[in-house]
Amino acid sequence: MRNSEIIWDKVENHRDDLIGLSDRVWGMPETLYAEYRSCAEHTEMLRQKGFRVTEAVAGIPTAVMGEAGEGGPVIAVLGEYDALPGLSQEANIAEPRPVEAGGNGHGCGHNLLGSASLLAACALKDWLAETGTPGRVRYYGCPAEEGGAAKAFMVRDGAFDDVDAAITWHPATMTRVDTEDSLANTRMDFVFTGRASHAAATPHLGRSALDAAEIMSVGVNYLREHVPSDSRIHYAYLDVGGTAPNVVQARAKVRYSIRSLTLSGMLALNERVKKVARGAAMMTETEVDISIMSAVSNMLPNATMEATMQSVLDQLGGVPFDEADREYARRIQATLSEEDIRASYASVGLKPVKDEPLCGYVVPLRNGGEKMLGSTDVADVTWKVPTVQCWVATHAIGTPGHSWQITAQGKAPAAHKGMVHAAKIMAQTAQTLMADETLLARAKREHRETLAETPYVCPIPDDVMPPLQPRPMAAE
């Protein structure tokens, strides 16, 4: 117990600095591959805390790595700091009120995610130095989790080749070890090119790219009936060719997100969607260019790592919320539907509890529940090294992901408490792995055995580069 208290104390030593970092990143929400200010904040904090810093990891300007310690095993703690478009929101209120109309917002809590992971790394750094334990802790500041697959690019580039194990977390409504599956996911762009013409006088001379994109949508909708039930296909028009209905549109661009429970299933489904696109191009006598923007694998579980983290959770207990935290959470819950609240409980196999605005307890390991699967680039790290992730309560039960309500709660005292709690969980999990060579060896052996049956194949082709964004011009 005393070792745990020591590492928790070391988290507390840095909590104020890292809560400040979280709040600053909340106030500068940046989306995929444009997180220049957020990355700079994390980089500066790493330097202030005495880490050896490597910038532009894998050639990505908004990715950073900080390392501390010498020799021994290398434990990675994964952080994120990207925001989402359209979720701008004032903090600490319970009604939709954007800071900037149409602006970005931290509607998935990544301001907390990266800061807690760096907080855990700071505690590990101090513990390694104080005890003289051989080992290295690395904080990986990872951009573009929301659709940009930065970690998959980083894995492909070798950024985790010498890592022994990885640990991460995510803000949530419930506190638990993540044992869920995730969906492998490809984001693929289809650009149709036709021939412009006068839509009334000479429509027969035109070839509509917009028609091709719409016919593709019809074909994919019919395809949905003939795919596994866990597969998902979504799309968004990025370019509809213009706003003039009297012009035959010569260009259209649509992006598809193609998901499946396994990497092999996703790759097979990709080919079926491509055939639909080519068929639509043939029907409209247009051309189609198909390119992959990003892709991620499905999560690879590691029972040894999960059991290790669960023992830490059981020892630490739930997030210590107070009545003021619960009162604000009740106000947030008043903006939600009963279905939203039921979904939080259903996802972890629990029955709804009346007047329980926040989760102040730990959900048992593998407690069951309804599958509500998304995708994450953490998955590609799980194929490279043994990895474990926890979900920690930072916002009201029922709060849907990617919502203004999460943005609103992102600087609340409850969020700060959950963030510090997550750092303690990760720091002690890492400490346990570093101090027990047998345990770490068992986790690595389990990982090797899984890969022997199903080797990793990066879902991103070698010729696809991250869709990097230019550095914004400095304000004058």
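A residue counts as buried here when its relative accessible area is under 20%, and as exposed when that figure is over 50%. Keep those two cut-offs in mind as we walk through this predicted model.

Let's start with helix α13, which covers residues 437–453. Its buried residues are L439, L440, A443, E446 and H447. These residues span an arc of only 120° around the axis, which is why they end up on the same side of α13. The general background is handy here: an α-helix has 3.6 residues a turn, so residues three or four places apart point the same way. Turn to the other side of α13 and you find exposed residues, namely E437, T438, R448, A452 and E453. What sits over the buried residues? The cover includes strand β5 along with helices α7 (303–316), α10 (378–384) and α12.

As for its length, α13 has 17 residues and runs 25 Å from its first C-alpha to its last, close to the 24 Å expected at 1.5 Å a residue. The N-terminal end of α13 is capped by D436, which places a side-chain oxygen 3.1 Å from the backbone nitrogen of T438.

One link from α13 leads us to D164, a residue in the loop between α4 (150–156) and β5. Is D164 buried or exposed? Its relative accessibility is 15%, so D164 counts as buried. The side chain of D164 has polar partners, though. A polar atom of that side chain lies 2.7 Å from the backbone nitrogen of V74, and a polar contact of 2.6 Å joins the D164 side chain to that of K444. Leaving aside residues up to four places away in sequence, D164 touches P73, V74, V385, P386, L440 and K444. Note L440 in that list, since it is also one of the buried residues of α13.

From the D164 loop, step into β5 and you're in a sheet. This open sheet has seven strands in the order β1-β2-β4-β3-β5-β11-β6, and its pairing is mixed. At the edges are β1 (52–55) and β6 (176–177), each of which pairs on one side only. Helix α12 (residues 413–435) packs on this sheet, where it touches β3 (74–80), β4 (135–142), β5 (165–172) and β11, and its direction makes about 165° with that of β5.

Strand β11 (residues 387–393) is a good place to see what mixed pairing looks like. With β6, strand β11 pairs in the antiparallel sense over two bridges, and R176 stands opposite W391 there. With β5, the pairing of β11 is parallel and runs over seven bridges; in this case I167 stands opposite V388. Six of the seven residues of β11 are buried, so this strand is largely enclosed by the rest of the structure.

Helix α12 is mostly covered too, with 19 of its 23 residues buried. From first C-alpha to last, α12 reaches 33 Å, close to the 33 Å expected at 1.5 Å a residue.

Now for the other sheet. Four strands make up this open sheet, in the order β8-β9-β7-β10, with antiparallel pairing. Its edge strands are β8 (232–239) and β10 (287–296), each pairing on one side only. Ignoring direction, neighbouring strands here are turned by 20° against each other on average. In the interior of the order, β7 (residues 184–193) and β9 (residues 251–260) pair in the antiparallel sense over 10 bridges, and R251 in β9 is the bridge partner of T193.

Two helices pack on this four-stranded sheet. Helix α5 (residues 209–223) touches β7, β8 and β9, and its direction makes about 20° with that of β9. Helix α6 (residues 263–284) touches β7, β8, β9 and β10, with its direction at about 15° to that of β7.

Last stop: the loop between β8 and β9, where you'll find Q249. With a relative accessible area of 9%, Q249 is buried, because the cut-off is under 20%. Which residues does Q249 touch, not counting residues up to four places away in sequence? They are R207, S208, A209, L210, V240, G241, G242 and A244.

Methods. Residues are numbered from 1 along each chain as its sequence is written. This is a predicted model: local features need pLDDT of at least 70, side-chain atom pairs count only at pLDDT 80 or more; totals for chains, interfaces and linings use all residues. Side-chain values use heavy atoms; hydrogens and water are left out. Two strands pair if DSSP finds at least two bridges between them. Contact means heavy atoms within 4.5 Å. Axes are lines fitted to C-alpha atoms, for helices over the stretch in contact, and angles run from 0 to 180 degrees between N-to-C directions. The expected span of a helix is 1.5 Å times one less than its number of residues. Buried means under 20% relative accessible area, exposed over 50%, partly exposed in between (1.4 Å probe, protein chains only). The arc is that of the directions from the helix axis to the C-beta atoms. A polar contact is a pair of N or O atoms within 3.5 Å; within protein, one must be able to donate a hydrogen and the other to accept it, and residues adjacent in sequence count only if both atoms are side-chain atoms.
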